[in-house]
Amino acid sequence: MSDPAGALAYIGLGSNLEAPRDQLERALEALAVLPLSTLLAHSSLYASAPVGPQDQPDFVNAVVALRTRLSPLALLDQLQALEQRHRRVRLRHWGPRTLDLDLLSYADLNLQTPRLTLPHPQRLARRFVLEPLAEIAPTLVLDGIPVGERAAALAHQPLHRLPA
């Protein structure tokens with residue numbers, strides 16, 4: 001990371017248990033005071049159908065832009081600690097959760113470790129990531145394609161912006 005101000009990271013947020021909208025609003029407040037980091041922007045809240053098992057409530061999702069001097073793994077540690085403070089329990093893959101925080105990207109870093117893959121391997125396949133990301137970073141280009149075009153290509157995936 002060569003920028004002394006820190007790396008630009010994008011984080012996806014999701015919740016479908018215990019008042020999901022409240023979960024995300026509290027998570028946004030916590031991300032705004034993350035050590036060595038500045039919350040630059042957050043998207044609107046969106047409702048989406050669950051990925052994976054359909055026997056669970058719909059999700060509320062958002063994306064944030066964060067400038068951070070934390071390393072990728074230190075940022076991941078902070079995100080997982082925040083999930084734990086929201087009583088996240090991992091009972092099954094893609095199952096219901098009080099709070100899910102996914103590190104979508106960290107600067108232009110490509111990384112693959114047992115704990116973290118960057119950029120997030122599913123970010124380009126999920127409208128609930130791309131549309132909020134396009135809202136806060138409309139000029140962002142992902143693998144040569146503008147984020148808005150990527151989101152539009154997934155219009156078949158149900159998603160709607162929630163009222164403020």
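This dialogue goes through salt bridges, nonpolar cores, two helices and some backbone angles in a predicted model.

Reader: How many salt bridges does the structure hold?

Author: First the general idea: side chains of opposite charge can pair when their charged atoms come close. In this structure there are five salt bridges. Let us take some of them in turn.

Reader: Which residue forms a salt bridge with Glu 25?

Author: Arg 21 does, and the closest N and O atoms of the pair are 3.5 Å apart. The two residues are four apart in helix 1 (residues 20–31), so about one helical turn separates Glu 25 from Arg 21. Glu 25 is partly exposed, at 34% relative accessible area. Arg 21 is partly exposed too, at 27%.

Reader: Where do Arg 127 and Glu 131 lie?

Author: Both are in helix 3 (residues 127–136), four residues apart, which is about one turn of the helix. Their side chains meet in a salt bridge of 2.8 Å, N to O. Arg 127 counts as buried because its relative accessibility is 13%, and the cut-off for buried is under 20%. Glu 131, at 25%, is partly exposed.

Reader: What parts of the chain does the pair of Asp 77 and Arg 115 tie together?

Author: The side chains of Asp 77 and Arg 115 meet in a salt bridge of 2.7 Å, N to O. Asp 77 belongs to helix 2 (residues 72–85), while Arg 115 sits in the loop between strand 6 (111–112) and strand 7 (117–118), so the pair joins parts that are 38 residues apart in sequence. Asp 77 is partly exposed, with a relative accessible area of 39%. Arg 115 is also partly exposed, at 42%.

Reader: Now the interior. Which residues have the most contacts inside the largest nonpolar core?

Author: In soluble globular proteins, nonpolar side chains tend to be buried together. Here the largest nonpolar core has 28 residues, and Leu 13, Leu 75 and Leu 103 have the most contacts inside it. At least two residues of this core come from each of strand 1 (7–15), helix 1, strand 4 (59–68), helix 2 and strand 5 (100–106). Helix 1 gives the most, with five residues.

Reader: Which residues is Leu 103 in contact with, leaving aside its neighbours within four places in sequence?

Author: They are Ala 9, Tyr 10, Ile 11, Pro 72, Leu 75, Leu 79, Leu 116, Leu 118 and His 120. There is also a second, separate core of 18 residues, which includes Leu 104, Ile 136, Leu 140 and Val 147.

Reader: Which residues of helix 2 are buried?

Author: Start with the helix as a whole. Helix 2 has 14 residues and reaches 20 Å from its first C-alpha to its last, close to the 20 Å expected at 1.5 Å a residue. Its buried residues are Pro 72, Leu 75, Leu 76, Leu 79, Leu 82 and Glu 83. These residues are on the same side of helix 2 because they cover an arc of only 120° around the axis.

Reader: What do the buried residues of helix 2 pack against?

Author: They pack against strand 1, helix 1, strand 4, strand 5, strand 6 and strand 7.

Reader: How many residues of helix 3 are buried?

Author: Eight of its ten residues are buried, and helix 3 is mostly covered. The buried residues are Arg 127, Phe 128, Val 129, Leu 130, Pro 132, Leu 133, Ala 134 and Ile 136. Arg 127 was met above in its salt bridge with Glu 131.

Reader: Last, the backbone. Is the peptide bond from Leu 118 to Pro 119 cis or trans?

Author: Most residues other than glycine have a negative phi, and most peptide bonds are trans. The bond from Leu 118 to Pro 119 is cis, with omega near -10°. Pro 119 lies in the loop between strand 7 and helix 3.

Reader: Is the phi of Leu 36 positive or negative?

Author: Positive: phi of Leu 36 is near 55°, and the residue is not a glycine. Leu 36 is in the loop between helix 1 and strand 2 (37–42), and with a relative accessible area of 46% Leu 36 is partly exposed.

Reader: Where does Ala 107 lie?

Author: Ala 107 is in the loop between strand 5 and strand 6. Its phi is positive, near 50°, and at 42% relative accessibility Ala 107 counts as partly exposed. Arg 87, just after helix 2, takes a positive phi of about 60°.

Terms used. Residues are numbered from 1 along each chain as its sequence is written. This is a predicted model: local features need pLDDT of at least 70, side-chain atom pairs count only at pLDDT 80 or more; totals for chains, interfaces and linings use all residues. Side-chain values use heavy atoms; hydrogens and water are left out. A salt bridge is a side-chain nitrogen of Lys or Arg within 4 Å of a carboxyl oxygen of Asp or Glu. Buried means under 20% relative accessible area, exposed over 50%, partly exposed in between (1.4 Å probe, protein chains only). A nonpolar core is a set of buried Ala, Val, Leu, Ile, Met, Phe, Trp, Tyr and Cys residues joined through side-chain atoms within 4.5 Å. Contact means heavy atoms within 4.5 Å. The expected span of a helix is 1.5 Å times one less than its number of residues. The arc is that of the directions from the helix axis to the C-beta atoms.
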